[in-house]
Amino acid sequence: MSDQQGEDQTLERPNRLRYGRFFLLLRCPRDGVVAMRDLQLSLNQTQRVRLEAALHELQALAPAAASAAAVTVADTIPVNQEDNILKGHGTLDRDGEVVATLCGVVERVNKLVYVRTLRARYKPEVGDIIVGRVIEIAPKRWRLEINFGQDAVLMLSSMNLPDGIQRRRTAVDELNMRTIFEENDVVCAEVRGFQHDGSLHLQARSQKYGKLERGQLLTVPPYLVKRRKQHFHHLEQYDVDLILGCNGFIWVGEHVVVSDSEKTSKMEDQKPRIELETFTPLETRKHICRLANAIRVLSALGFTLTVELIIETAEASASSNIEINDMLGAEFYVQTAEREAKRRADLLKKGGAR
Amino acid sequence: MHLLGRAPVIRRGGRWHTQFPAMSSSAATGTYSPAAEAGGKRREKREELRRHLAEDADWPRADNRSFHECREAFLRTGATTAASGSAYAEFGKTKVIVSVFGPRESKKAMMYSDVGRLNCNVSYTTFATPVRGQVIILELIIVLASITKGDLPIIISCASLALADAGIMMYDLVTSVSVNIIIDPTSDEEAWQDGSLMVSYMPSRKEITQLTLTGEWTDGKITNAVELCMDACSKLCDILRNHLKETANLASE
Amino acid sequence: MVGLSEGEKHFIRGGIAQDIRTDGRKRLQFRALSVETGVIPQANGSARVRLGGTEVIASVKAELGKPSILHPDKGKVNIFVDCSPTAEPTFEGRGSEELSAELSVALQRCLLGGKSGAGAAIDLSSLIVVDGKVCWDLYIDGLVISSDGNLLDALAAAIKVALSDTGIPKVTVSVSTASDEPEVDVSDEEFLQFDTSSVPVIITLTKVGRQYIVDATSEEESQMSSAVSVSVNRHGHVCGLTKRGGAGLDPTVIFDMISVAKHVSQQFITLLDSEIAAAQAEE
């Protein structure tokens, strides 16, 4: 194919959806986030038209202010020089002008002007609930990968011992660390803060934190998970635990009963159970997979992940008799985008009526 | 200590009936070249082999073997002194030396691991056409002193003998045999094969540890060939076993 | 390399035993396949194949060469695989050497057939231009761009698609009386298509627990005891087979796996053919 032809085609159809990487530019109305995700799908002609229409609508719904605040690298950030502004993260002085060094949204807090990045790695804040994976056991501490620039540290002293008694940690406890968490274990914890040496520390001082078993871990871009009051969700109707880690690690697994006193005995019976290969009940497993696929679809479309939206998507697939695996097919992607566009339009109407 | 293992002779009821495609020999052009001459000779030889096969006669192979007969095997452990275990095997004209070094601590070990590593290195001596091996935890050095093709199964069998000699824990002695249309091919025979199949087998556990296959095969052929190889492997394993026992007896005396 | 906790491993094994894998697939179900042809303009034929999170490119280049002395009536085919560091940081430098070599050998075994050419993907005698003097050398290169398991099947599929996309320039041979060397004139307008009907696909059955699955993700592959890759052509004939993984297999299990692979392969070939047709129509 000659270049000439290639150009013609591109002119006709800006997005070669069927095979090319297709970039979505979405703007969420609530928080004004511009999200860009690449989506790889084999769409047919109708699906392509429908998806374009849905995305167009989503874009139209976004408030204009959001796109104005968006900057890319080397963009000038308009400031009033007489205000003695403070140049924060992601900004640089160039010939008296403030320019952005990051792609993101300009935030202004009093005199401080900074750029909040959208597609960067996770940036921990104190109190965040995160899901991480143990990568190393060091003296008195575990090191965890949490999708941050450095490994997080969970001190043996920062977590409740399995026996639930508050006491000094002994040398024996230190030797038995591997019985609590071993390498590759998935652990849920809370961000405690940065220590003086610059390392990030975690804590797990409650029975709700700890090892996660019998389920799957999904990784999504961290900006899709917003900080909320609740990150642990026990979905009773499915008998499933859903943990939306602020770092973009999402756990979907079989529900585990947490009770302070019986924790010890329970952990001990679990070992032989695993050896007997008693698997997750089939119904629960179907729910886990359906929820997981809902999360995969939503994150590929670049929608903010909330527990309501995840459940709604999973329910929608179940009620229209879509097989779990077919949720990853083109048709369901398009349906999900259309549903979200409609939902946001409805939301806006209600807001306007009020 | 130089014990001569008897060659396993395998005979089975069924024989390979193989259809050969018509030769596509667009016989060399009129010009003379030594290469073309050699090619011509090879072709003649192939034709002869094919004729034999087509007649389904139990014709003698180039080295006077019958169809399902393996080459004469000579096995011996302790071929080299520096290694923790070693073995020498001679299958017809193929001669293999395998040395095992280790076990020792892995230098590459960066992470906690519950599995070891077996590093193999095979080298062909320059005069034959040699094998050298390296094991992170176990080092296996294999030197092929003299080559006829079809040597991989022999290396595998010889290596398991060497590992046993080194006192390494194993599930079973692994033996290996390959089959083309005839069992245990020499390099000439391999040159015109339509397909080959190699089986490595742990006879006492009845488990196949490796199976490779090339060429076009029907189901029945695969089943037959695998069974034939498994049978040959069991017999070869018995020989290895006997040899190891005898050496052990000699050592204890 | 994927590190998984005991709980996750148990969950994966359970899913395979219960016939619902982590993404909802059944044991013998493939991930979404997408195919694109003509991705590398410099090559005679090329294809990109995406199988879920696994993405590979195959390119076919044809160069004029001299046939080997052993096979004066045949062309030559070389298959190489490279794993790009874009797929995994560990592939940087020499990190992917072992894997690349393993994949190359497996592909050669499964696609090049026996020494006589039986079961080969390409009829080598069709690559001959002048007997004993000039032939086409095919360089088939596979590149792993993104790796999420089942690389071998994806590479074999990409090679099949790339070959169906390949056009070999038409050549006219004129023997001049002065010298013995034939003169070869390569056309840059007329191309000959390959007959790819006999090119096999590779179906890898990965054994996890007592069951085996097709198109394993890298997480599933970390749980395998062994895997058998069977290459099967359109006629249902097995053209190559390799086994990976430390665990031994019972012979009856292997025979069973071969027959399952044959069954699955026919569906996969049909799917691949329709994707090839769609991709070529798109182009």
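How far apart are the end C-alpha atoms of helix α2 (residues 45–61) of chain A, and what should its 17 residues span? The views below take up this question and others on a predicted model.

**View 1. Helix α2 of chain A, its length and its two faces.** Helix α2(A) covers residues 45–61. At 1.5 Å a residue, its 17 residues should span 24 Å, and the end C-alpha atoms are 25 Å apart, which agrees. Four residues of α2(A) are listed as buried: A:L51, A:A54, A:L55 and A:L58. Seen down the helix axis, these buried residues fall within an arc of 95 degrees, so they line one face. The face turned away from that buried side carries exposed residues instead: A:Q45, A:T46, A:H56 and A:A60.

**View 2. A mixed four-stranded sheet in chain A.** The sheet is open, and its 4 strands follow the order β3-β7-β8-β4. Which strands stand at the edges? They are β3 (70–71) and β4 (86–87) of chain A, and each pairs on one side only. β3(A) meets strand β7 (residues 104–109) of chain A in the antiparallel sense, over 2 bridges. Here A:V71 stands opposite A:G104 of β7(A). At the other edge, β4(A) runs parallel to strand β8 (residues 112–117) of chain A, and 2 bridges join them. A:L86 has A:L112 of β8(A) as its bridge partner.

**View 3. The hairpin of β7 and β8 in chain A.** The strands β7(A) and β8(A) run antiparallel and are joined by 6 bridges. One of the paired positions is A:V105, whose bridge partner in β8(A) is A:R116. There are 2 residues between the strands of this hairpin. A:N110 takes a positive phi near 50 degrees in the hairpin.

**View 4. A seven-stranded sheet built from chains B and C.** Its 7 strands form an open sheet with antiparallel pairing. The order is β6(B)-β7(B)-β8(B)-β12(C)-β11(C)-β9(C)-β10(C). At the edges stand β6 (175–179) of chain B and β10 (211–214) of chain C. Each has a single partner strand, so one side of each is left without a neighbour in the sheet. On average, neighbouring strands are turned by 20 degrees against each other, direction ignored. At the chain B edge, β6(B) pairs with strand β7 (residues 195–202) of chain B in the antiparallel sense, over 5 bridges. B:T175 stands opposite B:Y201 of β7(B).

**View 5. Chain C helices on the sheet.** Which strands does helix α2 (residues 97–111) of chain C lie across? They are β8 (207–217) of chain B and three strands of chain C: β9 (201–208), β11 (226–232) and β12 (238–244). α2(C) runs at about 155 degrees to β12(C). Helix α3 (residues 151–165) of chain C also packs on the sheet, touching β9 and β11 of chain C. The direction of α3(C) makes about 170 degrees with that of β9(C).

**View 6. A strand of chain C that is hardly covered.** Strand β8 (residues 182–193) of chain C has 12 residues, and the count of buried residues among them is 0. β8(C) pairs with strand β7 (residues 167–175) of chain C in the antiparallel sense, over 8 bridges. C:V175 has C:P182 of β8(C) as its bridge partner.

**View 7. B:D219 in helix α4 of chain B.** Helix α4(B) covers residues 219–252, and B:D219 lies in it. Is B:D219 buried or partly exposed? With 14 C-beta neighbours inside 10 Å, B:D219 counts as partly exposed. B:D219 and B:I155 are 64 residues apart along the chain, and their C-alpha atoms are separated by 28 Å.

**View 8. Chain B as a whole, with its confidence.** The secondary structure of chain B comes to 4 helices and 8 strands. From the N terminus on, the elements run α-β-β-β-β-β-α-β-α-β-β-α. Of its 253 residues, 44% count as buried. The pLDDT of chain B averages 63, and 48% of the residues score at least 70. Over residues 1–42 of chain B the pLDDT is below 50, and this stretch has 60 contacts in the model beyond near neighbours in sequence. Over residues 53–57 of chain B the pLDDT is also below 50, with 5 such contacts. Where pLDDT is low, the predicted coordinates should not be read in detail.

Key: Residues are numbered from 1 along each chain as its sequence is written. Chains are lettered from A and ligands numbered from 1 in the order in which they are written. This is a predicted model: local features need pLDDT of at least 70, side-chain atom pairs count only at pLDDT 80 or more; totals for chains, interfaces and linings use all residues. A residue is buried if 20 or more other C-beta atoms lie within 10 Å of its own, exposed if 12 or fewer, and partly exposed in between; C-beta atoms are placed from the backbone. The expected span of a helix is 1.5 Å times one less than its number of residues. The arc is that of the directions from the helix axis to the C-beta atoms. Two strands pair if DSSP finds at least two bridges between them. Axes are lines fitted to C-alpha atoms, for helices over the stretch in contact, and angles run from 0 to 180 degrees between N-to-C directions. Two residues are in contact if their C-beta atoms, placed from the backbone, lie within 7 Å. pLDDT is the predictor's confidence in each residue, from 0 to 100.
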